[in-house]
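Trainee: I am new to this structure and would like to know how each label is earned. Could we go through it together?
Mentor: Gladly, ask away.

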Amino acid sequence: MKNIAILGSTGSIGTQTLEVIKGNNNLFRAFLITAHSNAELLISQAIEFMPAYAIICDTGKYLQVKEALAHLPIEVLAGHQAIIDTVTHPEIDVVLTAMVGFAGLEPTIAAIKAGKDIALANKETLVVAGEIVTALAKQHGVNILPVDSEHSAIFQCLTGEENNPVEKLIITASGGPFRGRSLDFLTGVSREEALKHPNWVMGAKITIDSASLMNKGLEVIEAKWLFDVDADQIDVVVHPQSIIHSMVQFRDGSIKAQMGLPDMKLPIQYALTYPNRIQNDFKRFDFTAYPNLTFEKPDLETFRNLGLAYAALKQGGNMPCIINAANEIAVAGFLNNSIGFLAMSDLIEECMQQIAFVSQPTITDYLNTDKETRIFAQNFIQKLPLKAIN
Ligand code: NDP
Ligand code: MG
C-alpha cells in the first residue's frame with residue numbers, strides 16, 4: 001500500500017488522481033489532500049477518501065473545513081507553509097504535485113529533501129528551477145516520475161533503453177483551439193474561445209497555455225530537465241489528434257512512440273505504479289476510428305510563446321523563471337479580460353528584456369525573480385494601451 005500526497009486534489013489532475021486511487025484502493029491511499037480555496041470540494045473529498053491530512057491554502061476557509069470534518073480523524077491545516085511542512089511526513093511514499101504554477105516549487109523541494117518520490121504534474125516547478133530540483137532529486141535518490149502526458153510518453157519509450165543515447169525527443173502538440181489561425185484572427189479571440197480545447201479537459205491556466213503554445217514551451221523546458229538533453233535535441237511537432245503522446249528518436253534513427261486516447265488517468269496511473277503496469281477499464285484505442293494521424297510544423301510566427309520558451313531555455317539562468325512568472329500574470333490577465341490574447345506574448349517578451357538576469361540562481365534568487373517579475377508584469381498590464389485589450 002502506497003500513501004500518496006496529492007497537492008491540488010481539487011483540480012483536474014487532482015480529481016483524476018483520486019479516481020485512479022479509488023479504482024485501486026488495495027494499492028494506494030490518499031494520505032494528504034490539498035486545495036487552494038475550494039473548501040466544499042476538499043471537504044467532500046476528505047469525507048470520501050478519509051486522508052490523514054486535509055490542507056486548505058486559503059486560511060480564511062480554515063474554520064469551514066475544520067468544522068465540517070470535526071467528527072472525523074482527519075487533521076485539518078491551512079496555509080502554504082502547512083503544505084511544505086506536511087509533505088515531509090514519514091508515512092508519505094509519493095507526492096503527486098498537481099497544483100498549478102510557481103506555488104508547486106517549495107513543496108516539491110521539501111518533499112524531495114525528505115526522500116519522497118515525486119509524481120510531477122506541476123511542470124512549472126521544473127521550468128523555474130529544473131537544474132536545482134533535478135540535482136536535489138539525484139542527491140536524495142528520489143525518482144521524478146512524469147505525469148504530463150508527453151513526458152510520460154517519453155519516459156515510457158526510454159524504459160529499457162538506459163544504455164542507448166537519445167538523438168532527439170519529439171514532443172507532440174495538439175495545436176490547441178487556434179491551430180491554423182492568423183494573427184489577425186487571434187487579436188479578437190475571447191477567453192471563452194481560448195478555453196475550448198479540442199482534445200483535453202484541463203484547468204483554466206494550462207488550457208490557455210495550450211491555446212497560446214506556451215504549454216508546449218514549458219514542456220520543452222520540462223523535458224530538458226527530466227531527460228537531460230540539449231534544447232536543440234527537442235523538436236515539437238503538431239499532431240492535432242493527440243493520439244501519439246510523444247516520441248524518442250535513438251542514435252540509429254529508430255523512433256519509438258507512445259500512443260493511446262487522450263486520457264490523463266493513464267499517465268497518472270503509470271507514475272504511481274512504475275515500473276509496473278496494472279489493469280484498468282480505461283477506454284481502449286481503436287486504430288480504425290482514427291484513419292488519419294497527421295503531423296505539421298508549429299507556426300512560430302503566430303504563436304510566439306513557443307519561440308520565447310526556447311530562447312529562455314537557451315539563455316538559462318533565471319530566464320525560464322522570468323517567462324513562467326510573466327506567463328502566469330499574462331494568463332490571469334487574459335482570463336479576467338484585462339489583456340488580449342496576443343498581448344500575452346508582448347508581456348512575456350518585455351519581462352525577458354527588463355527583469356535582471358541572474359546566471360547561476362539559488363532558490364532565493366528564484367523566489368525574488370518570481371516576485372519581481374510579477375510586480376513588473378502587473379504594472380505593464382496597467383499601462384497597456386487600450387488597443388491591446390479586446
Ligand atoms: P487546476 O486549475 O484544475 O487545479 C489546480 C489545483 O491546484 C487545484 O486543486 C487548486 O485548488 C490548486 N491551486 C491553485 N493555485 C494554487 C496555489 N497558489 N497554491 C496551492 N494550490 C493551488 O489545474 P490542473 O489540474 O489542470 O493542472 C495542475 C498542474 O498539472 C499544472 O501545473 C498543469 O500544468 C499540470 N498539468 C495538467 C494537465 C491536465 O490535464 N489538467 C496535463 C499536464 C500537466 P482550488 O481548486 O482550491 O483552486
Ligand atoms: Mg502535456
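## Reasoning from the model

Mentor: Let us start at the ligand: helix H1 (12–23), helix H6 (123–139) and helix H10 (204–212) each supply at least two residues of the shell around ligand 1. Keep in mind that this is a predicted model.

Trainee: Which residues come nearest to ligand 1?
Mentor: Gly8, Gly11, His36, Met202 and Gly203 do, out of the 28 residues around ligand 1. By class, the shell holds 13 nonpolar, eleven polar and four charged residues.

Trainee: Why is ligand 1 said to lie between domain 1 and domain 2?
Mentor: Both domain 1 (2–146) and domain 2 (148–314) give residues to the shell around ligand 1, so the ligand lies between them. The domain assignment of the protein chain also gives a domain 3 (316–386).

Trainee: How do you know that domain 1 and domain 3 are in contact?
Mentor: Two residues are in contact if their C-beta atoms lie within 7 Å. Eight residues of domain 1 are in contact with eight residues of domain 3. On the side of domain 1 that touches domain 3, H6 gives the most, with five residues. That side has six nonpolar, one polar and one charged residues. The C-alpha centres of domain 1 and domain 3 are 27 Å apart.

Trainee: On to the sheets. What makes S4 and S7 stand at the edges?
Mentor: The sheet is an open one of seven strands, ordered S4-S3-S2-S1-S5-S6-S7, with parallel pairing. Strand S4 (75–78) and strand S7 (144–146) each have a single partner strand, so one side of each is left without a neighbour in the sheet. Neighbouring strands here are turned by 20° against each other on average, direction ignored.

Trainee: How do you know that strand S2 and strand S3 pair?
Mentor: Pairing requires at least two bridges between the strands. Strand S2 (residues 28–35) and strand S3 (residues 53–56) have four bridges, in the parallel sense, and therefore count as paired. In one of the bridges, Ala35 has Ile56 in S3 as its partner.

Trainee: What makes S9 and S11 edge strands in the sheet of four?
Mentor: That open sheet has the order S9-S8-S10-S11 and mixed pairing. Strand S9 (234–238) and strand S11 (255–259) each pair on one side only.

Trainee: How do S10 and S11 run, parallel or antiparallel?
Mentor: Strand S10 (residues 244–250) and S11 run antiparallel and are joined by five bridges. Within this pair of strands, Ser246 stands opposite Gln258 in S11. This sheet also has a helix across it: helix H11 (residues 214–227) lies across strand S8 (166–173) and S9, at about 150° to S8.

Trainee: Now for single residues. Why is Phe49 called partly exposed?
Mentor: A residue is buried at 20 or more C-beta neighbours within 10 Å, and exposed at 12 or fewer. Phe49 has 19 inside that distance, so it falls between the two limits and counts as partly exposed. Phe49 is found in helix H2 (residues 39–49). Leaving aside residues up to four places away in sequence, Phe49 touches Leu18, Ala30 and Ile33. The C-alpha atoms of Phe49 and Ile21 are separated by 9.2 Å, and these residues are 28 residues apart along the chain.

Trainee: Why is Ser242 called buried?
Mentor: The limit for buried is 20 or more, and Ser242 has 20 C-beta neighbours inside 10 Å, so Ser242 counts as buried. Ser242 is in the loop between S9 and S10. Its phi is near 50°, a positive value in a residue other than glycine.

Trainee: And what about Leu213, buried or exposed?
Mentor: Leu213 has 29 other C-beta atoms within 10 Å against a limit of 20, so Leu213 is buried. Leu213 is placed in the loop between H10 and H11. Although Leu213 is not a glycine, it has a positive phi of about 70°.

Trainee: Last one: what is the peptide bond from Tyr274 to Pro275, cis or trans?
Mentor: The bond is cis, with omega near 10°. Pro275 lies in the loop between helix H12 (265–273) and helix H13 (304–315).

Methods:
Residues are numbered from 1 along each chain as its sequence is written. Chains are lettered from A and ligands numbered from 1 in the order in which they are written. This is a predicted model: local features need pLDDT of at least 70, side-chain atom pairs count only at pLDDT 80 or more; totals for chains, interfaces and linings use all residues. Axes are lines fitted to C-alpha atoms, for helices over the stretch in contact, and angles run from 0 to 180 degrees between N-to-C directions. A residue is near a molecule or strand if its C-beta atom, placed from the backbone, lies within 6 Å of it. Ala, Val, Leu, Ile, Met, Phe, Trp, Tyr, Cys and Pro count as nonpolar, Asp, Glu, Lys and Arg as charged, and the others, Gly among them, as polar. Domain bounds come from an automatic or database domain assignment.
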